[in-house]
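Here are my notes for your first look at this one. Keep the viewer open and find each residue as you read.

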Amino acid sequence: MQLSGAEITLRCLAEEGVEFLFGYPGGAVLYIYDEIFKQDKVKHILVRHEQAAIHAADGYARSSGRPGVAIVTSGPGVTNAVTGIATAFLDSIPMVIISGQVPTRAIGLDAFQEVDTVGITRPCVKHNFLVKDVNDLASTIKKAFYVATSGRPGPVLVDIPKDVSQHLAEYSYPSSVSMRSYNPVIKGHAGQIKKAVQMLLEAKRPMIYAGGGVILGDASQLLTQIVRELGYPCTNTLMGLGAYPATDKQFVGMLGMHGTYEANLAMQNCDVLLAIGARFDDRVIGNPEHFYQPGRRIIHVDIDPSSISKRVKVDVPIVGNLADVADEMLKQLHASDAKPDPQALAAWWKQIEEWRGRDCLRFDRSNTEIIKPQAVVEKLYEVTNGDAYITSDVGQHQMWAAQYYKFDKPRRWINSGGLGTMGFGLPSAMGVQFAFPNDMVACITGEASIQMCIQELSTCKQYHLPIKIVNLNNRYLGMVRQWQELQHGNRYSESYMEALPDFVKLAESYGHVGFKIESPADVEGALREAFALKDRTVFLDFQTDQTENVFPMVPGGKGLSEMILGSEDL
Amino acid sequence: MRHILSLLLENEAGALSRVAGLFSARGYNIESLTVAPTEDPTLSRMTIVTSGSEDVIEQITKQLNKLIEVVKVFDLNEGRHIERELMLVKIRAEGKDREEIKRTADIFRGRVIDVTDRIYTIELTGTRDKLDAFLEAIDSAHILETVRTGASGIGRGEWILRV
Ligand SMILES: Cc1ncc(C[n+]2csc(CCOP(=O)(O)OP(=O)(O)O)c2C)c(N)n1
């Protein structure tokens, strides 16, 4: 059967089971949009800016585990999308992006709305394709989904020139793909796993450090079982929150720059460290030279060989699919005669409890004058029973969300960890709400971040997305102000947010509900009221303490044990 | 340390720029890079000469392997190997220098491939060191132009890099 490239594109997406296509039309994708109009299998979601299309597809992917799919036009459509694509790339999110391109005969002639899309996106995609012949289109789309979702996932872009979407070709969707140059590893090396299990069982001061890979690899349950059976402490990275239940007593909190005292010290002082789906990045371990501890042995499990021994040398590397490796680890644990040393473990836990006793996340809960941002997150946790999907933007509010909302399940915490993209929160929340129309979705944001994709309030209206926007409004680029206070002699260079809009009126003008909350006494009531409005987008503008800082904090370039616990440490 | 990496990659538009982009994006050194199709027209063979600590070379190899179009990566330093580079060099050769330059070229097994009454163009193959040594042996004032291909490498004996 002869179909046009545009029709083939839509058929392929339907074959892949794509529910939502987040996008924005333009000249180079008009034939594809015409086909979108003519079919009803794939639902197109019209955003208000291409960056938001990618973030929405991203939020959909992170929350559901299925690849996100977006479509943009050539030129400015693509350049607007780049921030979103880089965001997904740094957090290894499976995604397929369809971009329009000028007709093949015009490529290279500086045609209207021409950019070298493959060139511009090359460093921030897992792979990209330019389809020059309509006969290659279906197989290329098939490959795109395969590459995006297998191995270490990531965004894959398919650039389709306008004439290719118009030309006809015989259509059949390939049932499988094989690429000789791409064979992601699946199984971990059994011998290495055995070595790792022995090492873990010999530990006197063990520590388990789990990252976003555990969530992406759907290995949370197995990891939880391993941690529980061993009785060892476990920490999660910012990207890994929810991989191990936060309310469990073996959970010592998030680690890293704004991690807990107990997590960072246990990380620094353990004698055997199991790193799983994590990559020792600079926001997690700080300076690798300070992180180095003689005598500490490290096991590192990751699907990507290049993550291993990149920043930290490890003793037992295991490359493989995390769920398979964790499963094999459990089997070997059960088969082993050795057991964890109960005395050593008790002494280690005693030490950890002592660290935990510092209560590093305490804050002024009794303040009745001024809203503490941490208190808002704690209340949000209570009001939602810890059961909401939480997206965030980037800044202090992101760290407070990570510290005070206790994630017991994977895929509930959605934030831009790698790129740190302000503007991610609201559009990604839209993607989550599409994936889970009946669940609570809240976006924790700041008055600066929210303005980077504020136009999406319009999309929320069009599709009736009942997202709750929790704006921790401190009238500052808070995280910037914090660094300026701590490291730049209180010179608050350009970090004050002047001329803020009236967010309540702004929300109302988009057809939503807005609340402004100024007193600690009103926090809980406002949250309850917002969530009671089950079919409305609600903008909650909390006027929070302008001077609050995020603690603990490991200053840039320092080691984990050089944490500042609070302003009294300064 | 200097390493010679041999790659097989899909002979597709864009594969070269992915490799080159990787090196510049991650700040790895490239001393030279050569690429051409192989006996199998769907494959290209690339030789990259780079340098770095063992850790850096390990990362380079892993990162190259992650590129979708790269089929195989092999560090020739891991075994015995042969390295050759081709150089074309234009040398001013007048009067009494003519004989001297010709003799030097002979010693290095170079061939004169073009002649005018003032110039010799010499073709020379060998390792980087040999080509360097030849250039040092000629008075630099006589060297007018050099073109070097960068090294190509292959393993010794029966070992073969294939898909
Ligand atoms: C697109 C982008 N630009 C700049 C930054 C640098 N940056 C990080 S946090 C921050 C301030 C964020 O302010 P706000 O959204 O109000 O959050 P707060 O820190 O006050 O909670 C800035 C400017 C960034 N992360 N992303």
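**Notes on the model**

1. Let's start at the end of a helix. G231(A) comes just after α10(A) and takes a positive phi of about 75°. The helix before that glycine, α10 of chain A, covers residues 220-230, and its buried residues are S220(A), L222(A), L223(A), T224(A), I226(A), V227(A) and L230(A). Do keep in mind that this is a predicted model.

2. Next, the aromatic rings. A pair of aromatic rings is described by two things, the distance of the centres and the angle of the planes. Over all chains, the count comes to 22 aromatic pairs. Take Y381(A) and Y405(A): their ring centres are 5.1 Å apart and their planes stand at 90°, so this pair is edge-to-face. The cut-off behind that label is a plane angle over 60 degrees.

3. Where do Y381(A) and Y405(A) sit in the chain? Y381(A) belongs to helix α16 (residues 373-383), while Y405(A) is in the loop between α17 (396-404) and β16 (413-414), so the pair ties together parts of chain A that are 24 residues apart in sequence. Are these two tyrosines buried or exposed? Y381(A) has 18% relative accessibility and counts as buried, because the cut-off for buried is under 20%. Y405(A), at 1% relative accessibility, counts as buried too.

4. A second tyrosine pair is worth a look. The rings of Y476(A) and Y496(A) have centres 5.1 Å apart and planes at 70°, so they are edge-to-face. This pair links distant parts of chain A, 20 residues apart: Y476(A) is in the loop between β18 (468-473) and α20 (478-487), and Y496(A) is in the loop between α20 and α21 (503-509). Y476(A) is buried, with a relative accessible area of 17%, whereas Y496(A) is partly exposed at 42%.

5. Y476(A) has another partner: R481(A) lies over the face of its ring, at 5.5 Å from the ring centre. You can find a similar arrangement elsewhere in chain A, where R358(A) lies over the face of Y261(A), at 4.7 Å from the ring centre. And if you like groups of rings, try F20(A), F22(A), Y60(A), F434(A) and Y463(A), which form one aromatic cluster.

6. Now the ligand. Which residues come nearest to the ligand? Of the 17 residues around it, the answer is Q396(A), H397(A), G420(A), S449(A) and G478(A). By class, the shell has 8 nonpolar, 8 polar and 1 charged residues. Helices α17 and α20 of chain A each supply at least two residues of that shell, and α20(A) gives the most, with 3 residues.

7. Some polar atoms around the ligand deserve a closer look. A backbone N or O atom of M422(A) lies 3.4 Å from a nitrogen atom of the ligand. A backbone N or O atom of A448(A) is 3.2 Å from a ligand oxygen atom. N474(A) uses its side chain instead, with a polar atom 3.1 Å from an oxygen atom of the ligand. How much of the ligand does the protein bury? Taken alone, the ligand exposes 590 Å², and the protein buries 76% of that.

8. Here are a few single residues to click on. G357(A) is in the loop between α15 (342-356) and α16 of chain A, and at 60% relative accessibility it counts as exposed. T140(A) lies in helix α6 (residues 137-149) of chain A and counts as buried at 11%; its side chain reaches the backbone oxygen of D136(A) at 2.6 Å. F503(A), found in helix α21 of chain A, counts as buried at 1% relative accessibility.

9. Two distances may help you get a feel for chain A. G357(A) and Y405(A) are 48 residues apart in sequence and 20 Å apart in space, C-alpha to C-alpha. F503(A) and G277(A) are 226 residues apart along the chain, with 39 Å separating their C-alpha atoms.

10. Last, chain B. Its secondary structure comes to 4 helices and 9 strands. From the N terminus on, the elements run β-α-β-β-α-β-β-α-β-β-α-β-β. The C-alpha atoms of chain B fill a box of roughly 55 × 35 × 30 Å along the principal axes, and buried residues make up 42% of its 163 residues.

Conventions:
Residues numbered from 1 in each chain as written. Chains lettered and ligands numbered in written order. Predicted model: local features only at pLDDT ≥ 70, side-chain atom pairs only at ≥ 80, totals over all residues. Heavy atoms only, no water. Phe/Tyr/Trp six-rings, centres within 6.5 Å; stacked < 30°, edge-to-face > 60°. Buried < 20%, exposed > 50% of the residue type's maximum accessible area, 1.4 Å probe, protein only. Lys NZ or Arg CZ within 6 Å of the ring centre and 35° of its normal. Near = heavy atom within 4 Å. Polar contact = N/O pair within 3.5 Å; in protein donor to acceptor, adjacent residues only side chain to side chain. Areas by Shrake-Rupley, 256 points an atom, 1.4 Å probe, with all protein chains shown as cover. Nonpolar A, V, L, I, M, F, W, Y, C, P; charged D, E, K, R; others polar.
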